[in-house]
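Here is a note for your review. The points go from single residues to the sheet, the helices and the pocket.

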Amino acid sequence: MRYLKDRGFILKRINFGDSDRYITIFTKYNGKIEVVAKGVRKITSRRASAVELLNLIEFQTVKGPRNYILTETKLIDPFGELKNDLTNIEKVFTTCELIDAIMPFGQKHTDVFELMSRALSQMRDERTLVLFQAKLLILLGYWDRRVSFRSSSHVQHHIAQILERRLKTRSIFEV
């Protein structure tokens, strides 16, 4: 059996079975991974609060026959101040969706992890989301750093071209 211990942001969760969840985590040292959290949807689960979207957690997994199985979690930062403010919810979901869509599984990117950490700590500023998206594209090689983005719609258009679709979060929050 192979163990994995790391720190990461919860990007996505999918319910399956009676009480289990697939959880996508963007980790500091192992890139984006998917783990199975067994029994996390039970009322008595101690890990349920730690595996909510965009929580920063320390975790430990064991390699099962097909997937990593989540064994331990420790909540580091729930980013409650962002999640409780309706104006920041769109930014939080956009950040999660973009990282999930653009980052490949299993590729280590500590620079992107640090960028995400800094951006989330400053997310109350209106420009932070656009700057985060632009820097992410530059770090991953999708944009030349010598050419500046013209506007936030220019960044959104470029992301849509890369993903070959618009981010779903943008569609949901448009009025």
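1. A cut-off comes first. A residue counts as buried when its relative accessible area is under 20%, and as exposed when that area is over 50%. Leu-54 has a relative accessible area of 0%, so Leu-54 is buried. Keep in mind that this is a predicted model.

2. Leu-54 deserves a second look for its backbone too. Leu-54 is not a glycine, yet its phi is positive, at about 65°. The residue is placed in the loop between β3 and β4.

3. Phe-79 is a further non-glycine residue with a positive phi, here about 50°. Its place is the loop between β5 and α1 (80-83). Is Phe-79 buried or exposed? Its relative accessibility is 5%, so Phe-79 counts as buried.

4. Now the sheet. Five strands make a closed barrel in the order β1-β2-β3-β5-β4, and the pairing is mixed. On average, neighbouring strands of this sheet are turned by 50° against each other, with direction ignored. Helix α2 packs on the sheet and touches β1, β2 and β3. The direction of α2 makes about 105° with that of β1.

5. Next, the pairing of β1 and β2. Strand β1 (residues 3-16) runs antiparallel to β2, and eight bridges join the two. Arg-13 has Ile-23 in β2 as its bridge partner. Phe-9 stands opposite Phe-26, which is also in β2. The hairpin of β1 and β2 has three residues between the strands, and Gly-17 in this hairpin takes a positive phi near 65°.

6. How much of β2 is covered? Seven of the eight residues of this strand (residues 20-27) are buried, so β2 is mostly covered by the under 20% cut-off. On to its pairing with β3. Strand β3 (residues 31-37) pairs with β2 in the antiparallel sense, over seven bridges. Tyr-22 has its bridge partner in β3, namely Val-36. A hairpin with three residues between the strands is formed by β2 and β3.

7. Which strand pairs with β3 in the parallel sense? The partner is β5 (residues 68-77), over two bridges. Val-36 takes part here as well, with Ile-69 in β5 as its bridge partner. Val-36 is thus placed between Tyr-22 of one pairing and Ile-69 of another.

8. The pairing of β4 and β5 is antiparallel and has eight bridges. Lys-63 stands opposite Tyr-68 in β5. Four residues link β4 to β5 in a hairpin.

9. Helix α3 (residues 110-121) also meets the sheet. It lies across β1, β2 and β4 (56-63). Its direction runs at about 65° to β1.

10. Two residues of α2 are worth checking. Lys-91 is found in this helix, which covers residues 86-102. Lys-91 has a relative accessibility of 7% and so counts as buried. What does Lys-91 contact, leaving aside its neighbours within four places in sequence? The residues are Met-123, Arg-124, Asp-125, Glu-126 and Leu-129.

11. Thr-94 is the other residue, also found in helix α2. Its relative accessibility is 0%, so Thr-94 counts as buried. The side chain of Thr-94 reaches the backbone oxygen of Glu-90 at 2.7 Å. Not counting residues up to four places away in sequence, Thr-94 touches Leu-129, Gln-133, Leu-167, Thr-169 and Arg-170. Leu-129 is thus a contact of Lys-91 and of Thr-94. Thr-94 and Lys-168 are 74 residues apart in sequence; in space, C-alpha to C-alpha, they are 8.3 Å apart.

12. Last, the pocket. The largest pocket holds about 300 Å³ of space. Its lining has 14 residues; Leu-11, Lys-12, Phe-93, Glu-97 and Thr-169 lie nearest the centre. Which elements each supply at least two residues of this lining? They are β1, α2 and α6 (168-173). The largest share, five residues, comes from α2. Thr-169 also appears among the contacts of Thr-94.

Conventions: Residues numbered from 1 in each chain as written. Predicted model: local features only at pLDDT ≥ 70, side-chain atom pairs only at ≥ 80, totals over all residues. Heavy atoms only, no water. Buried < 20%, exposed > 50% of the residue type's maximum accessible area, 1.4 Å probe, protein only. Pairing = 2+ DSSP bridges. Contact = heavy atoms within 4.5 Å. Polar contact = N/O pair within 3.5 Å; in protein donor to acceptor, adjacent residues only side chain to side chain. Axes fitted to C-alpha atoms, helices over the stretch in contact; angles between N-to-C directions. 1 Å grid on protein atoms, 1.4 Å probe; cavity = no way out; pocket = protein on both sides within 12 Å on 5 of 7 lines; lining within 4 Å. Points joined across faces, edges and corners; volume = space filled by probe spheres on them.
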